[in-house]
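Here is a quick tour of a protein chain and the two ligands that come with it. Have the sequence and the model open while you read.

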Amino acid sequence: MKTAVAIIGAGPSGLLLGHLLRQAGVDCVVVERQAADYVLGRVRAGVLETVTTGLMERLGLDSRLQREGLIEEGFNLATDDRLIRVDVKALTGSHVTVYGQTEVTRDLMEAAESRDLQVIYEAKDLAIHDVDGAQPFLTYRKDGADQRIDADFIAGCDGYHGPSRKAIPAAVLRDYELAYPFGWLGILADVPPCHHELIYANTERGFALASMRSETRSRYYIQVPLTDRVEDWSEERLWDELAIRFDTLSERGVTRGPAIEMSIAPLRSYVCETMRHGRLFLAGDSAHIVPPTGAKGLNLAASDVAYLAEALIAFHVHGDEAGLAGFQARALARIWKAERFSWYLTKLMHRFPTDGAFEHKMQAAELDYVASSETMQRSIAENYVGLPL
Ligand code: FAD
Ligand code: DHB
């Protein structure tokens with residue numbers, strides 16, 4: 001098979017890029033290792049910036065998002081006994097939308113066929129060839145048969161563990177990493193949220209987040225040591241812990257119910273500055289990871305894709321190479337700012353095992369300052385809704 005852009009990965013980055021290219025008439029194919037149902041089963045992000053909802057709108061794929069998404073005009077930072085509301089709407093004129101990553105992915109998947117976007121699922125043993133040359137290609141196995149796709153460009157949208165970044169020689173790859181000494185244990189359940197807006201809490205027992213997917217579905221997270229495994233946590237124990245942290249802070253208190261999903265994700269900051277190598281481009285989690293505090297991961301993937309789609313369309317439709325040459329610098333300028341914000345909120349809201357009484361006083365003083373300063377709140381709100389493209 002021959003195509004203009006071979007896209008590796010059918011997560012949000014790969015599917016968004018595929019749709020944007022097809023909308024502009026650029027030929028492309030998406031190749032995914034997993035089955036579609038497996039991709040949809042991964043419960044991840046829940047808060048969308050207007051950059052991300054704007055892309056769905058541009059594609060004309062936002063009707064369910066418009067109907068079911070919850071507009072959030074504010075969110076809360078909290079200590080054990082104090083809620084600090086950040087009035088995002090008043091401070092920025094903008095808002096975020098609560099709509100799950102699984103729903104974004106489903107909307108993109110379901111529209112693929114009618115938009116003539118080919119997505120090949122269950123492609124095994126994918127390998128990337130000749131990205132340094134003029135005609136790169138992919139090989140993989142599908143239903144036991146060897147397959148090959150020749151392309152002008154390869155887009156690596158295959159997440160942190162995918163093969164694209166690994167195809168860049170170590171001698172030219174420049175990256176930066178920070179690992180945090182804890183993870184987030186998450187639970188999804190069909191119970192009403194404890195509060196009508198998100199609460200990020202720094203409590204004596206550690207960080208906790210009260211989020212939601214709808215008025216009847218809640219998503220909660222708590223900070224856990226890296227040594228904890230999901231099996232160490234019964235649902236009962238997790239609900240008890242959430243009740244301690246949120247019952248007095250929230251409007252309704254925590255409603256318990258059977259878990260639809262429970263999982264632990266480690267926290268990491270990572271940036272691969274080499275987002276282009278020859279004819280290979282990286283976008284989304286293949287190039288960067290943010291700790292989830294601040295909900296930037298998926299939104300950053302969307303902005304990478306907006307830049308990359310623009311550059312690939314300019315090349316294929318108008319023969320203009322400037323966008324491709326400038327892609328990396330343009331994407332990194334936004335990535336580093338989102339990395340900074342996620343790192344800042346992570347440091348402010350978590351209990352680090354190495355922190356002592358002084359660091360706790362610093363966190364308390366900073367939160368007290370945020371509570372009293374509109375300037376601080378505006379800066380936080382501006383980053384939370386997402387910096388402009
Ligand atoms: P991914 O969603 O990882 O998609 C990559 C795709 O590539 C996958 O479908 C994968 O199967 C495929 N792939 C990998 N290898 C191959 C291969 N060899 N061949 C073909 N296909 C391949 N962000 C938030 O904002 N809030 C959160 O709460 C949050 N929680 C998260 C929890 C976890 C466990 C993880 C991993 C991430 C979380 N994120 C969160 C981040 C957010 O989900 C990601 O930023 C987002 O998924 C990035 O999209 P992506 O398409 O770039 O990568
Ligand atoms: C959710 C996840 C986040 O990382 C975040 O900052 C806010 C909300 C969520 O899954 O709902």
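## Before we start

Strands here are DSSP runs of E at least two residues long, numbered from the N terminus. By that reckoning, Arg 141 sits in strand β10, which covers residues 137–142. Keep in mind throughout that this is a predicted model.

## The overall picture

The protein chain has 12 helices and 19 strands. Its radius of gyration is 21 Å, close to the 21 Å that the globule rule gives for 389 residues, so the chain is as compact as a globular protein of that length. Along its principal axes, the C-alpha trace spans about 60 × 40 × 40 Å.

Buried residues account for 44% of the 389 in the chain. Looking at contacts with a separation of 6 or more, 73% are between residues 24 or more positions apart.

## Two domains and where they touch

The chain is split into domain 1 (2–72 + 94–178 + 269–346) and domain 2 (180–267 + 350–385). Their centres, taken over C-alpha atoms, are 28 Å apart. At the contact between them, 18 residues of domain 1 meet 17 residues of domain 2. On the domain 1 side, the elements giving two or more residues are β4 (70–72), β7 (96–98) and α10 (322–349). That side divides into 7 nonpolar, 8 polar and 3 charged residues.

There is also a database annotation to lay over this. UniProt, in an unreviewed entry, places a "domain: FAD-binding" feature at residues 2–342. That span is 32% helix and 33% strand, and its end C-alpha atoms lie 40 Å apart.

## Around ligand 1

The shell around ligand 1 holds 31 residues, and the ones that come nearest are Gly 9, Gly 11, Gly 159, Gly 284 and Gly 297. Two elements give two or more residues to this shell: α1 (12–23) and α9 (297–318). By class, the shell has 15 nonpolar, 10 polar and 6 charged residues.

## Around ligand 2

Which residues surround ligand 2? They are Ala 45, Gly 46, Val 47, Leu 198, Leu 209, Ser 211, Arg 219, Pro 292, Thr 293, Gly 294 and Ala 295. This shell breaks down into 6 nonpolar, 4 polar and 1 charged residues. Both domains take part, with at least three residues drawn from each of domain 1 and domain 2.

Ser 211 is a good member of that shell to zoom in on. The residue lies in strand β14 (residues 206–214). Is Ser 211 buried or exposed? Ser 211 has 24 C-beta neighbours inside 10 Å, and 20 or more count as buried, so Ser 211 is buried. Beyond its neighbours within four places in sequence, Ser 211 is in contact with Gly 46, Leu 198, Arg 219 and Tyr 220. Of these contacts, Gly 46, Leu 198 and Arg 219 also appear in the shell around ligand 2. Ser 211 and Gly 74 are 137 residues apart in sequence, while their C-alpha atoms are 12 Å apart in space.

## Back to Arg 141 and its surroundings

Arg 141, the β10 residue from the start, has 14 other C-beta atoms within 10 Å and is partly exposed. Setting aside residues up to four places away in sequence, Arg 141 touches Lys 124, Asp 125, Asp 146 and Gln 147. Compare that with Ile 168: Arg 141 and Ile 168 are 27 residues apart in sequence and 22 Å apart in space, C-alpha to C-alpha.

One of those contacts, Asp 125, is in strand β9 (residues 124–129). Asp 125 counts as exposed because just 11 C-beta neighbours fall inside 10 Å, and the cut-off for exposed is 12 or fewer. The backbone deserves a look here too. Most residues other than glycine have a negative phi. Phi of Asp 125, however, is near 50°, a positive value. Asp 130 also has a positive phi, near 55°. Asp 130 is found in the loop between β9 and β10, and with 14 C-beta neighbours inside 10 Å it counts as partly exposed.

Key. Residues are numbered from 1 along each chain as its sequence is written. Chains are lettered from A and ligands numbered from 1 in the order in which they are written. This is a predicted model: local features need pLDDT of at least 70, side-chain atom pairs count only at pLDDT 80 or more; totals for chains, interfaces and linings use all residues. UniProt positions are given in the numbering used here, feature names are shortened, and annotations may be inferred rather than shown by experiment. Helices (H or I, at least four residues) and strands (E, at least two) are DSSP runs, numbered from the N terminus. A residue is near a molecule or strand if its C-beta atom, placed from the backbone, lies within 6 Å of it. Ala, Val, Leu, Ile, Met, Phe, Trp, Tyr, Cys and Pro count as nonpolar, Asp, Glu, Lys and Arg as charged, and the others, Gly among them, as polar. Domain bounds come from an automatic or database domain assignment. Two residues are in contact if their C-beta atoms, placed from the backbone, lie within 7 Å. The radius of gyration is taken over C-alpha atoms; the globule rule is 2.2 Å times the number of residues to the power 0.38.
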